[in-house]
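Work through the exercises below with the model open beside you. Try each task before reading its solution.

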2 protein chains.
Amino acid sequence: MAGENMVGTVAIIGAGIGGIYLAAELGVAGFKLRLHDIDDARLADVRAFGGIDVEGERGGFAAVELATSDLRAAVDGADAIIIVTGGNAQAAVARSLALLLRDGQIILLVQGNTGGSLIVRRALDAAGCHADVAVAEMDNYPYSCRRLAPARIRPIVAKRWLQIAAFPGNRIAAVHQRLSPLFPQAVAAPNALYTGFTNANAMLHVANCVANAARIESGDIYKFYAEGVTPAVARLYEAINAERVAVAAALGASVPSLEEWFDRVYGVREASLVETCQRLTYNSDGPYQATGTPSSLEHKFITEDVPTGLIPMVALGAAAGVPTPAIDALVAIVRNMTGRDFAAEGRTLARLGLSGTGVAEIIRVMNEGFA
Amino acid sequence: MAGENMVGTVAIIGAGIGGIYLAAELGVAGFKLRLHDIDDARLADVRAFGGIDVEGERGGFAAVELATSDLRAAVDGADAIIIVTGGNAQAAVARSLALLLRDGQIILLVQGNTGGSLIVRRALDAAGCHADVAVAEMDNYPYSCRRLAPARIRPIVAKRWLQIAAFPGNRIAAVHQRLSPLFPQAVAAPNALYTGFTNANAMLHVANCVANAARIESGDIYKFYAEGVTPAVARLYEAINAERVAVAAALGASVPSLEEWFDRVYGVREASLVETCQRLTYNSDGPYQATGTPSSLEHKFITEDVPTGLIPMVALGAAAGVPTPAIDALVAIVRNMTGRDFAAEGRTLARLGLSGTGVAEIIRVMNEGFA
């Protein structure tokens, strides 16, 4: 952890399950940690315990030196600030951070959903941030774990392949150099189109919830990625994924198909998506064994993944002239099922700062930043 | 049953559950019956038994004088020919009937789905039918029953309100006069837009199947109209029904909202659609108590109701300039879930004989027939 460019102290913003997992893994790996949440109650157990117990072979105790709802205290002197709040809160966190940041800090969104680093950059700028901070995003959460108690987790599997992109993309070399000790399996992506269009949540959550909507609302419990993924759902996955890959390609970004993604990330590629999902659920190291059933459609699988995933994919598709009828239909069904117009609250081109922008200019912005 | 204009002998084409129910009810009511199916095996029990046993207060024995796979024998001398094959087979039945028909016979589709009488009229014409037959359609199946054995049924409830339309609409007075003894609860509708846009199957089946797709494919059993209709499904129902009513209105047809339809047909109108559907399932006279779970998405709730219900509603909406985004999304999701392009096989304007036709001309055709 030595050297002036290295990350030693990490502030994790968001003490939900994603933040706890991250603290557990990075703590065991030896990074100095602060943990922040706006809800102090979520910090109580970790604070009382002084950290998180991590079970298993490569487990241990992940010390958390500070668990606080004081954002200034959490980020002061931190080399990296990892935002694990979910996509809907990223802009608000950026506004709160804007005047607390110092030159040389890195903000990493885990994950960026689709376009998160643009949202954060715009929010920082709008809130008067003048510090020279790098903004980066990862394409997915890096671990699957099972939470056994408020401050005890059991790792299941770490993703074998992740991407980190900087915004603008031309800052990736320095960003990746500093972050790769935290996430050795993460490769550098040229820009945030690569991470944003490898958004696993947008690939996997919404279609599943639609095809299981009545069961979810009835309070049934089902194995989300096993019983929930039947041939009809797999076909829906294929349709939305073909559009996702096509829009990314039209914007110059080559992103893996869903089958390739499962293979790269988990080393699993069965004859069908249905079988792949079964294996990822029922294998002893299956990352999806602990995935719970949403208790309603007012769940982040919908309320986060539509506005911060499908909506920006559709918007970028429209800008690139690539039709997205399968995703459009899914968004419309979710709107009709929930009565919520996610397009009105989601990551439109305007909110991404890309209004009226053609393909070449979108790629330029992604690589070089806002003019 | 006397008088030269009255219907005495009825040929029922299609010995599925709908045909059996119809034979049971009309047989007990005293009509002389023939029953036809292309699959002779479906007729064996009724033929052996000589009819159908009908349980309950107003039950009795419904004699079937002829159960045959010989269409000519079935329809020869029949006053009314009721086609109960499901929408996908109506054109084929009409082609088979074309040269067997005699002046004065009435063909009634139970039900017409959406646009069935136009499909049948075109098929008769194309196959060289020169007999002066009336073509009519009903908006729904008239009964709910439970089948206890191949030739024994228990009535649950008869619909209190049905519509019969003739094609062309201007023939309705004579048609209704002759058919109303068979279906006393059926009112005369001005034309087939009224029946076609009161298509309960299109209102109720497809959205339910989409929101329960994974459960259906998993082989789960659920109470279709109770556990299967949660608030999300009810919202989907509302969205597609608003479009259905709007398209019909643009074509001059006033059709009931789903809430009004439940009220008129079953006398049930709870505070919400969810509660209405629960009551229609769990009440002792609930028409939906016996509705089974589809065993796959290759079920008539999809494979009939999309091409013969939602597709023509969308097509007529487009002709009338009324957007149908909720129905479009449902059709697109079903296409992606099943891999089947129902628009390619369904009742498009061309198949309805209405290509290039505006609102005024569609209404004229509905009322007066093809030019």
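**Exercise 1: A helix over a sheet**

Find what helix H1 of chain A lies across, and its angle to S9(A).

Solution. This is a predicted model. Locate H1 at residues 17–28 of chain A. Helix H1 of chain A lies across strands S3 (51–54), S4, S9 and S10 of chain A. Its direction makes an angle of about 100 degrees with S9(A).

**Exercise 2: Strand order and edges**

Give the order of the four strands in the open sheet of chain A, then name the edge strands.

Solution. Start with the order: S4-S3-S10-S9, with mixed pairing. Next, look at the ends. S4 (60–63) and S9 (143–149) of chain A each have a single partner strand, so one side of each has no neighbour in the sheet. From one strand to the next, the twist averages 30 degrees.

Now take one pair. S9(A) and S10 (residues 152–158) of chain A run antiparallel, joined by six bridges. Within this pairing, A:Arg147 has A:Ile153 in S10(A) as its bridge partner.

**Exercise 3: Two packed helices**

Describe how H4 and H5 of chain B pack.

Solution. Two values are needed: packed helices are described by the angle between their axes and the distance between the axes. For H4 (residues 90–97) and H5 (residues 116–126) of chain B, the angle is about 35 degrees and the axes are 8 Å apart. The crossing of H4(B) and H5(B) is right-handed. Contact residues include B:Ala91 and B:Ala94 of H4(B), and B:Ile119 and B:Val120 of H5(B). By class, this contact of H4(B) with H5(B) has six nonpolar, two polar and one charged residues.

Conventions. Residues numbered from 1 in each chain as written. Chains lettered and ligands numbered in written order. Predicted model: local features only at pLDDT ≥ 70, side-chain atom pairs only at ≥ 80, totals over all residues. Heavy atoms only, no water. Pairing = 2+ DSSP bridges. Axes fitted to C-alpha atoms, helices over the stretch in contact; angles between N-to-C directions. Contact = heavy atoms within 4.5 Å. Left-handed = near helix turned anticlockwise from the far one by under 90°. Nonpolar A, V, L, I, M, F, W, Y, C, P; charged D, E, K, R; others polar.
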